[in-house]
Amino acid sequence: MTASGPPFRLLPRVDDSNRFYWTSGADGHLRFQRCGDCRHYVHPPAPRCPYCLADALAPEAVSGRGVVHSYTVNMQQWFPDAEPYIIGLVTIAEQDDVRLTTNIIDTEADDMAIGMEVEVDFVEAEDVWLPVFRPVAGAAVTNAAAS
Amino acid sequence: MRADQLLERKAVISGIGQSAVGRRLNRSDLDLTVEAALVAIADAGLTRDDIDGLSTYPGMGMGPGGFAGPAGPDVQDALRLKLNWHDGGGEGPGQIRAVMAACLAVAAGLARHVLVYRTVTESTAQGKGGRQALGGMGGMTGSGGGPPRMMGFMQWTIPFGAVSATNWLAQVARRRMYEFGLTREQLAQIALNGRRNAMLNPIAIFREPLTMEDYLAARMISTPLCLYDCDIPCDGSTAVIVSHVDYAPDAPRSVAHVNAIGTAIRGRPSWDQFDDMTTMAARDAAASMWKRTELTPADVDVAELYDGFSILTMTWLEELGFCGKGESGPFVEGGERIALGGELPLNTSGGQLSAGRLHGFGFLHEACLQLRGEGGARQVAGNPEVAVVANGGGPIAGTMLLTRGPA
Ligand SMILES: [Zn+2]
């Protein structure tokens, strides 16, 4: 059985620049900064748009869909008594240069594949909501060579 | 670019030195550093009174226990150096950035003989504190006795149990398998080649034979990387003396001329946001080095390519142009091509996978030994004239091309 993540999660420190991101899951939606001028999504959070340099960033919800760009099954006991868990690198559906290091849940290690379509869920812990992803039921594995 | 604009060619490596290297030596980082420094200074035909520059990577308390090595001021004081130029830090083109900075300093006339060192006591630190992984890049903050909270880059990875560069680079390996058909048997050649060479290196940490069967049966750390894909923490210090090229005729040993350095990073400086996971910053550092030289990959006689993880060496082989993109698997297949007697002898000391994680500077030391013909049982035949050293992985990358004679 593949675990849904490490047995113990060290959490991010919330501050004014990242609070919207780490609390976004409270209403079930994943959010990124988006530029009001050039419409790019920006991650990690930045003071102004790194694409066009406009001072026009505001958090905006995305679909929560993405594609597995790569993954690994962690076997090392960084934490005591850890079962194997899957670390994934997910490219969000909206923009192919925004990736999240995350956990892939509700699947077995042997069923993992690059190109797998996934959707967001959240692990609530203290004051943060950590975005994790599960395979989209019935979705095909897409060719992710360009993703 | 005109040759007289290549300021690194004003620099040579006139002396090299290493401390004792081993597991759990239980000696201080400063003690090891002074030992290596005195060897290097004498090797260069100098005394400590001649040393007027000092540089290190990173120094001053960066990272987990045993990682940083002693701070520059502590080394200066231990040797009572009188410095015209000094420098240290963990940012820049890989660990070797400290050597690059020294080259530019001697070229600019800021110093004439620079002591550059890199010291690790990670093995002793592990013995005292258990396996180190969390917060390897800094970025932890305490919160009144509770577990630390992650900040900076660490906040994006550690909450998901991606706590080690092993986890981050395992995803690079998986992506390479997906894009290029890389196999574990091919990747194994980096570890097996290193072990074969380490068996000829009297100070290597691991000198027992390693077979393909051993490799394939080894426990996984983070799939598809197994135990033998990860380098081995050790204690040790490496020091080099970077001198102005004018000193070369007076140096007692054959110097290594710095032909070109590679310093670029043009993609996003991030382990998970870099545009092409299969290259990361090695692509940019290598390309920038080849723009600064008339030499080509075909001229290289010895390759000392960073192997903190085996997958990084595969990346360097491609990005430095020894084979095409995605072709490093077939290139190393069977291991003959990268062996001591092959067309591209690779990681001749055993690398960090078998000789110990001297963190980049071990490769520089070995390249100088090979160019001098002092490689002993592992000396590459035919009087090698050109060596390339690559340091770093992921968004950290720096390269240096060294030659036996002047350009
Ligand atoms: Zn913009």
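Here is a friendly exchange about the two chains, the zinc site and a few backbone details.

Me: Before we start, what kind of model is this, and how are things numbered?
Reply: It is a predicted model, in which local features need pLDDT of at least 70 and side-chain atom pairs count only at pLDDT 80 or more, while totals for chains, interfaces and linings use all residues. Residues are numbered from 1 along each chain as its sequence is written, chains are lettered from A and ligands numbered from 1 in the order in which they are written, and side-chain values use heavy atoms, with hydrogens and water left out.

Me: What makes the zinc site tetrahedral?
Reply: Start with the protein donors, meaning N, O and S atoms within 2.8 Å of the metal (3.2 Å for Na, K and Ca), with water not among the atoms, so sites may look incomplete. The SG atoms of C35(A), C38(A), C49(A) and C52(A) lie 2.3 to 2.4 Å from the zinc ion, so they qualify as donors. Four donors count as tetrahedral if all angles lie between 85 and 135 degrees. Here the angles among the four donor atoms are 103 to 116°, and the site is therefore tetrahedral.

Me: How are the donor residues spaced, and which parts of chain A does the pair C38(A) and C49(A) tie together?
Reply: The spacing in sequence is C-x2-C-x10-C-x2-C. C38(A) sits in the loop between β1 (31–35) and β2 (41–42), and C49(A) in the loop between β2 and β3 (57–61), so the pair ties together parts that are eleven residues apart in sequence. Strands here are DSSP runs (E, at least two residues) and helices are runs of H or I, at least four residues, numbered from the N terminus.

Me: Why is the pair E126(A) and R149(B) called a salt bridge?
Reply: The term asks for a side-chain nitrogen of Lys or Arg within 4 Å of a carboxyl oxygen of Asp or Glu. For E126(A) and R149(B) the N to O distance is 2.8 Å, so the pair passes. Between chain B and chain A the count is two salt bridges, and over all chains it comes to 30.

Me: What about R134(A) and D121(A)?
Reply: Their closest N and O atoms are 2.9 Å apart, so this is a salt bridge too. The pair links distant parts of the chain, with R134(A) in strand β8 (residues 128–135) and D121(A) in strand β7 (residues 117–125), 13 residues apart.

Me: How do you know how much chain B and chain A bury between them?
Reply: Buried area is the accessible area (1.4 Å probe) that two parts lose on being put together, summed over both. For chain B and chain A that is about 3600 Å², 54% of it on carbon and sulfur atoms. In chain B, R149(B), W156(B) and F160(B) lose the most area to chain A, together 23% of what that side buries. By contact (heavy atoms within 4.5 Å), 37 residues of chain B meet 45 residues of chain A.

Me: What makes L53(A) and P44(A) worth a look?
Reply: Most residues other than glycine have a negative phi, and most peptide bonds are trans. L53(A) has a positive phi of about 70° although it is not a glycine, and a cis peptide bond joins H43(A) and P44(A), with omega about -5°. P44(A) lies in the loop between β2 and β3 of chain A, and L53(A) has its place in the loop between β2 and β3 of chain A.

Methods
Tetrahedral: all angles 85-135°; square planar, octahedral: opposite > 155°, others 65-115°.
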